[in-house]
Amino acid sequence: MRTRMATPDETYREPPNSTVDDWLGQRVMRDEARAEKATKQAGGDLNEAERRFENETEAKEYQDQHDQ
């Protein structure tokens with residue numbers, strides 16, 4: 001079964017055939033990639049990398065959208 005993709009201005013709904021474990025694993029992989037990118041951009045400065053990472057995580061995006 002194919003599900004429609006959400007547009008950027010819509011809330012994404014989990015498809016019926018999805019599992020929570022798949023979603024969590026995907027988020028972990030994306031956050032890992034973000035951490036590596038932030039570390040590279042910060043030139044290895046871990047404090048700066050952490051600041052950059054925290055500004056880009058999905059958790060922050062979610063919080064920003066729901067704290068309004």
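E48 and R51 pair up in a salt bridge, with their closest N and O atoms 2.5 Å apart. Keep in mind that this is a predicted model. Both residues sit in helix α2, which covers residues 46-56, and they are three residues apart, or about one turn of the helix.

E48 has another partner, too: its side chain meets that of R52 in a salt bridge, at 3.0 Å from N to O. R52 and E48 are four residues apart in helix α2, so about one helical turn separates them. Put these pairs together and you get a network of salt bridges linking E48, R51 and R52.

Now let's hop over to helix α1, residues 20-41. R34 and D31 both lie there, three residues apart, which is about one turn of the helix. They form a salt bridge as well, and their closest N and O atoms are 3.3 Å apart. That brings the count to three salt bridges. What's the general idea behind such pairs? Side chains of opposite charge can pair when their charged atoms come close.

Is R34 buried or exposed? R34 is buried, because its relative accessible area is 18% and the cut-off for buried is under 20%. Its partner D31, at 24%, is partly exposed.

Here is how the residues of the helix α2 network compare with those labels:

| Residue | Relative accessible area | Label |
|---|---|---|
| E48 | 22% | partly exposed |
| R51 | 44% | partly exposed |
| R52 | 26% | partly exposed |

So E48, at 22%, counts as partly exposed, because that label covers values between the 20% and 50% cut-offs.

How values were computed. Residues are numbered from 1 along each chain as its sequence is written. This is a predicted model: local features need pLDDT of at least 70, side-chain atom pairs count only at pLDDT 80 or more; totals for chains, interfaces and linings use all residues. Side-chain values use heavy atoms; hydrogens and water are left out. A salt bridge is a side-chain nitrogen of Lys or Arg within 4 Å of a carboxyl oxygen of Asp or Glu. Helices (H or I, at least four residues) and strands (E, at least two) are DSSP runs, numbered from the N terminus. Buried means under 20% relative accessible area, exposed over 50%, partly exposed in between (1.4 Å probe, protein chains only).
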